Amino acid sequence: MLKYTVRRFLEMLLTLFIIASATFFLLEAVPGDPLLERVERLPESVAQNMYHKYGLDKPTIERYFITMKGMLKGDFGESVRMPGYDIHQLLKETLAPSARLGIQSILVGVTLGLLLGIVAAMFKGTWLDYIIVFFSVLLISVPTLIFGLLLQKYVAGEWGLFPIIGWPKGADLWFGGWKYTVLPTLSGCFSYVATYSRLLKTSMLDVINQDYVLAARAKGLSEPQIVRRHILRNAFIPIITVLPMSVAFALTGSFFIEKIYSIPGFGRYFIESVQARDLSIVLGQTVLMAAVYVAVVFLVDILYTVVDPRIRVGGKQ
């Protein structure tokens, strides 16, 4: 177990380094200049000072090594688009809105998805199953952006039930201003409903026909006991594989939802920073998201051994 943990930790560091390097060179390959619009009307001497301030007057390879050296210390540099800001200040202001949006979307979407998946599996071949499958395919096929725009247009615009844009601030940041969070949460939860309902249904149908389920019925156990003790526990192994990745994605921000609802979150600023080629912010956010995903993948491997005792990390099985 210790050997496996050390090896995976080294692999995580290597993965983060490769992702950071790829992000740097991809942004460098994009045509244009992040300071061009700001300096085109300034005197030449002022423009040169600005390029020198952000290190943009140095060759690409030299700036790459400077950036990687700073990254090892947790310093990604000052934002070009927002002077005086760095990734640490930006995270303090943007992670909370993204985290609340993600948590609410996960709770609503996954809960509904699992309940619908159980119903579809237990009533396979009935009209309930067909309706759930139909809406699952519909929800997974339509992009989140489309759902958000439709909710804005009809629910908020024409019916006036909720605000079109905005997000709670100050004391209401975590537990207040619910009317502002309803539409973004619904926009983000539909994909989770579709994914988890289909996934749990398929997994339960695979488990229902296993020998140990048939043996439990032969022993005279009631159907609720069989579902709770034997079917659900084993059917949840695929769910544990997908759920941590969904949580990681939700916590790091939903890009399109935050953009269309003007939510000052992690995803919205990521899109704006990419458009402005703000290397320090993009690199910092990318490394953070990659670190979360890599850590979650490692956590999933450990959770396998908890859910399924037949799996042993680093063992012969």
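Here are some friendly notes on this predicted model, point by point.

1. Overall make-up. The chain has 14 helices and 0 strands, so its pattern along the sequence is simply α repeated from end to end. The C-alpha trace spans about 85 × 60 × 35 Å along its principal axes. Of the 317 residues in the chain, 41% are buried.

2. Contacts and surface. Take the contacts between residues at least 6 apart in sequence: 72% of them join residues at least 24 apart. The accessible surface of the chain comes to about 17600 Å², and carbon and sulfur atoms account for 68% of that area.

3. A nonpolar patch. Have a look at the surface around Ile-103, Leu-107, Val-108, Leu-112, Leu-116, Trp-174, Phe-175 and Trp-178, which form a nonpolar patch. Together these residues offer about 810 Å² of accessible area. Helix α5 gives the patch its largest share, 5 residues.

4. Trp-178 and its neighbour. Trp-178, one of the patch residues, lies in helix α8. Its relative accessibility is 48%, and because the cut-off for exposed is over 50%, Trp-178 counts as partly exposed. Arg-100 lies over the face of this tryptophan, at 4.4 Å from the ring centre of Trp-178.

5. Aromatic pairs. The structure holds 6 aromatic pairs. One of them joins Tyr-64 and Phe-65 in an edge-to-face arrangement, with 5.3 Å from centre to centre and 65 degrees between the planes. The two partners are worth viewing side by side: Tyr-64 counts as buried at 10% relative accessibility, whereas Phe-65 counts as exposed at 54%. Ring pairs also link Tyr-64 and Phe-65 with Phe-24 and Phe-25 into a cluster.

6. Salt bridges, starting within a helix. Side chains of opposite charge can pair when their charged atoms come close. A search of the whole structure finds 8 salt bridges. In one of them, Glu-11 meets Arg-7, with the closest N and O atoms 3.0 Å apart. Both residues belong to helix α1 (residues 2–29), and because they are 4 residues apart there, about one helical turn separates them. Glu-11 is partly exposed at 34% relative accessibility, and Arg-7 is likewise partly exposed at 43%.

7. A bridge between α13 and a loop. Glu-272 and Arg-81 form a salt bridge at 3.3 Å, N to O. This pair links distant parts of the chain: Glu-272 is in helix α13 (residues 266–275), while Arg-81 is in the loop between α4 (60–72) and α5 (87–122), 191 residues apart. Glu-272 counts as buried at 15% relative accessibility, and Arg-81 counts as partly exposed at 29%.

8. The wider network. Which residues are linked with Arg-81 and Glu-272 in a network of salt bridges? The other members are Lys-259 and Arg-268. Arg-268 has an aromatic neighbour too: its charged end sits over the ring of Tyr-269, 5.9 Å from the ring centre.

9. A buried bridge between helices. Lys-201 and Asp-129 meet in a salt bridge, at 2.8 Å from N to O. Lys-201 lies in helix α8 (residues 178–208) and Asp-129 in helix α6 (residues 127–141), so the bridge ties together parts that are 72 residues apart in sequence. Are these two residues buried or exposed? Both Lys-201 and Asp-129 are buried.

10. Two backbone angles to check by eye. Ser-262 has a phi near 55 degrees, a positive value in a residue other than glycine. This serine sits in the loop between α12 (255–260) and α13, and Ser-262 is partly exposed, with a relative accessible area of 30%. Arg-277 also has a positive phi, near 55 degrees. The place of Arg-277 is the loop between α13 and α14 (279–307). At 13% relative accessibility, Arg-277 counts as buried, because the cut-off for buried is under 20%.

Definitions and conventions. Residues numbered from 1 in each chain as written. Predicted model: local features only at pLDDT ≥ 70, side-chain atom pairs only at ≥ 80, totals over all residues. Heavy atoms only, no water. Phe/Tyr/Trp six-rings, centres within 6.5 Å; stacked < 30°, edge-to-face > 60°. Buried < 20%, exposed > 50% of the residue type's maximum accessible area, 1.4 Å probe, protein only. Lys NZ or Arg CZ within 6 Å of the ring centre and 35° of its normal. Salt bridge = Lys/Arg side-chain N within 4 Å of Asp/Glu carboxyl O. Contact = heavy atoms within 4.5 Å. Areas by Shrake-Rupley, 256 points an atom, 1.4 Å probe, with all protein chains shown as cover. Patch = residues over 30% accessible without salt bridge, like charges linked within 9 Å, V, L, I, M, F, W, Y side chains within 5 Å.
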